[in-house]
Amino acid sequence: MSTKLSRRSFLELTGLAGLGLAVAGCSSGPPAGSATWAMWSSSAAERKVWQDFSAYVEQQLKVKSVPTLTPSGPYPTKLDLQLVSGTAGLVTALNGTLIPTYAARGAHRPLDDLIEGDSDFDLDDFYQPIQKISSFNGKTYAIGFDVAPTVMYYNKSLLQKQGIALPSRTEPMPWATFRELAVELTHAPDQYGFTCAPAIDDLVSWIYCAGGNVMSEDASRSILGEPEAMEALQFVIDLFVKDKVTPPIKNLVTESSLSNFLEGNVAFMQNGPWQVVNVRKAKFDWDIIPFPAGAAGSTPRVSGSSFAIPSGVREGADLDLAWKLLKTLTSTGALDIYAKAGRNNPARFSAGSAFQPPPDNLGIVQDILAGKVAGGHPFDVTTNWNQVKQLLGQDLPRTFLGQVPVPEAIAGVTPRLDVLMRQHLDNIRQATARRG
Amino acid sequence: MALTTTTEPVPATAVSPSPTSKPTPRWRNRESLTAWLFLLPSLIGFLIFTAGPVVAAGVISLLDWNLFSPPTWAGLRNFARLGPDPTFWSALGNTAYFTFVSVPLTILVSLALALLLNQGLRRIAVFRSLLLLPYATITVAVAFVWIWLYIPHDGLVNAVLGLFGIHGPAWLISDNWAMPALILMSVWKSFGFGMVVFLAGLQAIPQQLYEAARVDGTSPWQSFRNVTLPMLSPALFFVIVTSIIGSFQVFDQALIMTNGGPGTRTTTLVMYIYRTGFENYDQGYAAAQSLVLFAFIVLITATQFFFQKRLVHYDN
């Protein structure tokens with residue numbers, strides 16, 4: 001049987017269908033009582049780990065787990081929009097460098113009351129550096145899921161081919177030795193001694209090892225111009241510009257120490273254990289050693305990431321579920337999944353055994369964090385770290401290119417850094433007043 | 001013979017009003033209502049997505065707002081911050097440099113190619129499609145390809161220059177060459193649009209005008225200057241206005257190819273606005289910058305429309 005549809009009826013039906021779709025679109029969202037959480041994820045392998053986390057959450061909490069996975073690049077912007085619009089999950093992942101930024105703006109809530117009221121939760125099972133990284137203004141704002149010091153990767157095959165003795169697995173080599181070795185191993189343009197990113201994130205490890213810092217103890221001013229930091233900056237820039245032991249910089253945006261190292265013709269790469277999972281694809285033998293020791297020893301940057309609860313989560317059932325979810329996501333069981341997948345060193349001592357070789361010397365990561373080998377320095381950041389990083393990202397790369405001498409670049413950048421430090425202190429004052 | 005009758009219906013507004021009834025307002029005419037109905041979707045879109053944000057930016061520019069804490073009144077403080085901010089002026093200068101070099105270059109290339117394609121070439125559609133391809137490709141993909149083309153030692157650009165004995169610079173990391181590199185890529189990316197508009201304009205020029213010019217004994221250059229250019233001026237005007245507006249908003253290629261560096265040599269105003277608003281969480285200051293950019297674009301476009309009366313010839 002065929003039914004004729006008049007033009008008017010057709011238009012009415014189309015309108016109704018459109019309205020229905022719009023209503024369905026507006027009402028879509030996770031069902032009430034779901035464990036919603038946000039995380040960055042830039043590869044299929046990473047996605048798999050977070051899906052396993054999600055399954056673990058469902059198994060433990062007996063509620064639906066709804067992770068929102070976003071590539072790491074746009075993650076902060078998306079998170080901002082979700083936080084502002086009140087659509088963020090109950091728990092959100094935060095890179096350690098941004099925890100003070102979010103905490104100072106009141107975007108996330110302190111967790112101290114929840115920690116104190118929960119006898120099952122043992123904060124002491126987390127490495128000290130990740131506790132520091134996850135705190136702001138004397139309060140704990142997040143619970144870590146990974147933490148690791150920067151280490152030095154080396155191409156074992158290349159050193160052996162050159163007849164050079166392999167470096168000590170536990171004793172950090174002095175800077176001078178490292179430089180000699182890098183020079184000896186450089187045969188440009190076929191082979192280079194060292195690679196790192198021409199950015200503050202990598203430079204800061206050398207600065208800490210020399211006893212310097214980006215900011216003063218009270219974060220009231222920049223101390224990049226002081227002798228310790230200047231010595232470190234000059235040392236690294238010289239490796240690029242004077243000694244030319246690094247592959248030539250082709251582009252400041254896509255420059256990647258990892259891809260340089262994976263080429264197989266670079267002896268040493270500065271990077272974190274979070275790259276172990278990628279370096280495992282290398283077609284040569286490699287390992288890791290402690291970061292070279294400067295005047296203050298081997299105290300490279302220690303960084304990590306954490307989970308936090310947005311301030312918008314309502315007290316009561318939502319907050320209860322958020323805390324349970326956060327505890328589950330940072331539990332030994334969940335971090336075992338993370339570490340077994342080789343993503344990075346877990347933030348808990350009790351999950352440490354899951355982060356297994358290769359490389360052979362992977363154990364030094366936990367030994368460094370535990371203070372048994374060499375040392376580390378939690379990444380000191382401000383509440384406006386994006387701006388600090390942006391400013392340094394504009395001016396420092398030119399020193400790596402030999403376009404501007406280090407003293408000139410630092411003299412140019414210091415007054416603007418001092419302004420940012422003052423803004424940072426203002427942010428802390430405002431955050432304290434808001435909390436009070 | 002004077003026409004005394006018409007077959008067209010007399011417009012409602014043309015009917016003499018009776019002394020007792022008021023004339024129907026124009027907006028209540030059936031024709032006007034139909035026109036408004038057709039305009040409505042576009043008008044709603046304009047109000048929500050263009051006029052609304054402009055008004056919102058005006059309000060936000062008077063506030064201190066980090067997105068999360070409640071906004072506080074700042075008055076004109078955000079505008080006062082523009083003066084001593086070296087990055088803002090550098091970004092504005094870079095944007096002006098980009099615009100005033102890339103727009104004339106793009107127009108020259110587009111016009112030259114349109115003239116070439118208008119010579120009655122065989123398979124013109126194939127050439128037209130090929131030349132339009134860069135414009136149809138997304139900027140992100142093109143930018144990544146050009147990063148590889150610009151690699152100092154192994155890149156295609158320097159390899160070609162090397163054939164002529166020229167030692168090419170390290171394009172994207174050089175103080176002096178980073179911006180020209182972006183401009184070159186942008187010209188390549190966008191000439192296709194102007195070319196198609198010019199080609200349509202050229203094909204609409206009546207051939208009698210050229211024949212008349214030939215009879216008058218004009219040279220090809222005189223013919224181009226006195227026939228082609230005046231007849232093409234509406235298309236030229238359209239391409240100039242849209243290209244300048246687009247160039248003032250340059251963002252993606254600079255972000256991907258140089259991230260604004262080295263230093264701030266390729267930091268454009270829109271890039272700086274984005275960073276201020278969404279990386280530094282300073283919404284009020286970002287809104288103030290965007291209003292300044294808006295004012296610049298309005299000013300330049302208004303100036304162009306002012307000169308249009310003298311320089312653009314419409315064949316009506």
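**Exercise 1. In this predicted model, find how strands β7 and β9 of chain A are joined, and place them in their sheet.**

Solution.
1. Strand β7(A) covers residues 151-155 and strand β9(A) covers residues 266-271. The two run antiparallel and are joined by four bridges.
2. For a single pair, take Tyr154(A): its bridge partner in β9(A) is Phe268(A).
3. Both strands belong to an open sheet of four strands in chain A, with the order β8-β9-β7-β10 and mixed pairing.
4. The edges of this sheet are β8 (192-195) and β10 (286-289) of chain A. Each has a single partner strand, so one side of each is left without a neighbour in the sheet.
5. Neighbouring strands of the sheet are turned by 20 degrees against each other on average, direction ignored.
6. A helix also belongs in the picture: α8 of chain A, residues 175-184, lies across β8 and β9 of chain A. Helix α8(A) runs at about 130 degrees to β8(A).

**Exercise 2. Decide whether strand β1 of chain A is enclosed or open, and name the strands with which β1(A) pairs.**

Solution.
1. Strand β1(A) spans residues 35-40. Six of its six residues are buried, so the strand is largely enclosed by the rest of the structure.
2. Next, sort the residues by direction. In a regular strand the side chains alternate between the two faces of the sheet. In β1(A), Ala35(A), Trp37(A) and Met39(A) point one way, while Thr36(A), Ala38(A) and Trp40(A) point the other way.
3. Strand β2 of chain A (residues 65-70) pairs with β1(A) in the parallel sense over six bridges. Met39(A) has Leu69(A) as its bridge partner in β2(A).
4. Strand β3 of chain A (residues 91-95) also pairs with β1(A) in the parallel sense, over two bridges. Here Ala38(A) has Thr92(A) as its bridge partner.
5. Add the connection: β1(A), helix α2 of chain A (residues 44-61) and β2(A) make a right-handed β-α-β unit.

**Exercise 3. Describe the side of chain B that touches chain A, then locate Ile256(B).**

Solution.
1. Count the residues in the contact: 24 come from chain B and 23 from chain A.
2. On the side of chain B, α10 (252-257) and α11 (269-279) each supply at least two residues. Helix α11(B) gives the most, with three residues.
3. By class, this side of chain B has 12 nonpolar, nine polar and three charged residues.
4. Ile256(B) sits in helix α10 of chain B. Leaving aside neighbours within four places in sequence, Ile256(B) is in contact with Val253(A), Val140(B), Ala143(B) and Phe144(B).
5. Is Ile256(B) buried or exposed? A buried residue needs 20 or more other C-beta atoms within 10 Å, and an exposed one has 12 or fewer. Ile256(B) has 18 C-beta neighbours inside 10 Å and therefore counts as partly exposed.

**Exercise 4. Describe how the two assigned domains of chain B meet.**

Solution.
1. The domain assignment gives domain 1 as 23-73 and domain 2 as 82-311 of chain B.
2. The C-alpha centres of these domains lie 30 Å apart.
3. Their contact takes 10 residues from domain 1 and eight residues from domain 2 of chain B.
4. On the side of domain 1, α1 (30-60) and β1 (63-64) of chain B each supply at least two residues. The largest share, four residues, comes from α1(B).
5. By class, the domain 1 side has six nonpolar, three polar and one charged residues.

Note on methods:
Residues numbered from 1 in each chain as written. Chains lettered and ligands numbered in written order. Predicted model: local features only at pLDDT ≥ 70, side-chain atom pairs only at ≥ 80, totals over all residues. Contact = placed C-beta atoms within 7 Å. Nonpolar A, V, L, I, M, F, W, Y, C, P; charged D, E, K, R; others polar. Pairing = 2+ DSSP bridges. Axes fitted to C-alpha atoms, helices over the stretch in contact; angles between N-to-C directions. Right-handed = clockwise from strand over helix to strand, strands pointing away. Domains from an automatic or database assignment.
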